[in-house]
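Let's take a walk through a protein model together. Have a look at the fold before reading on.

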Amino acid sequence: MRRDEGYIKFSFAHEAAPAPAHPRLHDLMRIRDDLHEWELIGVLPDGIGYGNISARIEGTPKFIITGSGTGLKFPIAPGHFCEVVSFDIAKNSVVCRGPLPASSESMSHGAIYAARPDAGTVIHIHDRTMFGLLIQEGAPLTPADAAFGTPEMARAVGRLAATLPPVAVMVMAGHEDGLIAFGPDPRSARDALWDVYSRSRRE
Ligand SMILES: [Zn+2]
């Protein structure tokens, strides 16, 4: 990876549309609200939202994902989701449609769906304790110099995901407290996070 290509700012083309329909939408909403209660998805003291959950539209590279700035929302509603119609990692851009635009973090979700045809759900959360525990345990991690919101991060996430089992949790070393989990369905990705969460609170 060249280091001199500079930071390509995230951009999106957004088409206003009704809330996306998806057979897993209800599962996603329930799991997202659990994660919000555990404070793995939420809002930092400075008002910046963190964390998101997505599900692939079966048989396509497209997915639905919680929209930009929804960290504060509780409970989550269908109108807080959008559909990512396409994305371009090199250009750091997405085409999305729905009531809200997609956030820059949707790039890492897209990278996993592209790298793993078996991945049906991706969940991105922030948690310092889980982050620390997984690093201590030698969990798979993206390079520390792949920074949040960059094509390097999305590429690193996709590359690493391709080497892991069908259900896995990865550490985003260059994205403070950031973890990303994936699995064939929402429940499996959520359970993988719950396992780490439980262990991190026991120690
Ligand atoms: Zn994040």
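Below we go through confidence, the sheet, the helix contacts and a couple of backbone oddities.

## How far to trust it

Keep in mind that this is a predicted model. The mean pLDDT of the chain is 94, with 96% of its residues reaching 70 or more. The weak spot is residues 1–5, where the pLDDT is below 50. Beyond near neighbours in sequence, that stretch has one contact in the model. Where pLDDT is low, the predicted coordinates should not be read in detail.

## The sheet

Now find the strands. Nine of them make an open sheet with mixed pairing, and the order runs E1-E7-E6-E5-E4-E8-E11-E10-E9. E1 (11–16) and E9 (141–142) sit at the edges with a single partner strand each, so one side of each has no neighbour in the sheet.

For a view of one pairing, zoom in on E5 (residues 63–66) and E6 (residues 81–88): they pair in the antiparallel sense over four bridges. Ile 65, for instance, has Cys 82 in E6 as its bridge partner. Helix H3 packs on the sheet too, touching E9, E10 (168–172) and E11 (178–183). The direction of H3 makes about 100° with that of E10.

## Two helix pairs

Two packed helices are described by the angle between their axes and the distance between the axes. Start with H3 (residues 128–136) and H5 (residues 186–202): their axes come within 9 Å and cross at roughly 90°. These two helices are therefore roughly perpendicular to each other. H3 brings Thr 129, Met 130, Leu 133 and Leu 134 to the contact, while H5 brings Val 196, Tyr 197, Arg 199 and Ser 200. Sorted by type, the residues of this contact are five nonpolar, two polar and one charged.

Next up are H2 (residues 106–115) and H4 (residues 151–161). Their axes come within 8 Å and cross at roughly 35°, and the crossing is right-handed. From H2, the contact residues include Ala 111, Ala 114 and Ala 115; among those from H4 are Ala 154, Gly 158 and Ala 161. The full set at this contact divides into nine nonpolar, two polar and one charged.

## Backbone oddities

Which residues does a cis peptide bond join? They are Phe 74 and Pro 75, with omega at about -5°. You can spot Pro 75 in the loop between E5 and E6.

The other one to look for is Glu 39. Although it is not a glycine, Glu 39 has a positive phi of about 65°. Glu 39 lies in the loop between H1 (25–37) and E2 (42–43).

How values were computed:
Residues are numbered from 1 along each chain as its sequence is written. This is a predicted model: local features need pLDDT of at least 70, side-chain atom pairs count only at pLDDT 80 or more; totals for chains, interfaces and linings use all residues. Axes are lines fitted to C-alpha atoms, for helices over the stretch in contact, and angles run from 0 to 180 degrees between N-to-C directions. Angles under 35 degrees count as roughly parallel, over 145 as roughly antiparallel, 65 to 115 as roughly perpendicular and the rest as oblique. Two residues are in contact if their C-beta atoms, placed from the backbone, lie within 7 Å. Ala, Val, Leu, Ile, Met, Phe, Trp, Tyr, Cys and Pro count as nonpolar, Asp, Glu, Lys and Arg as charged, and the others, Gly among them, as polar. Two strands pair if DSSP finds at least two bridges between them. A crossing is left-handed if the near helix is turned anticlockwise from the far one by less than a right angle, and right-handed if clockwise. pLDDT is the predictor's confidence in each residue, from 0 to 100.
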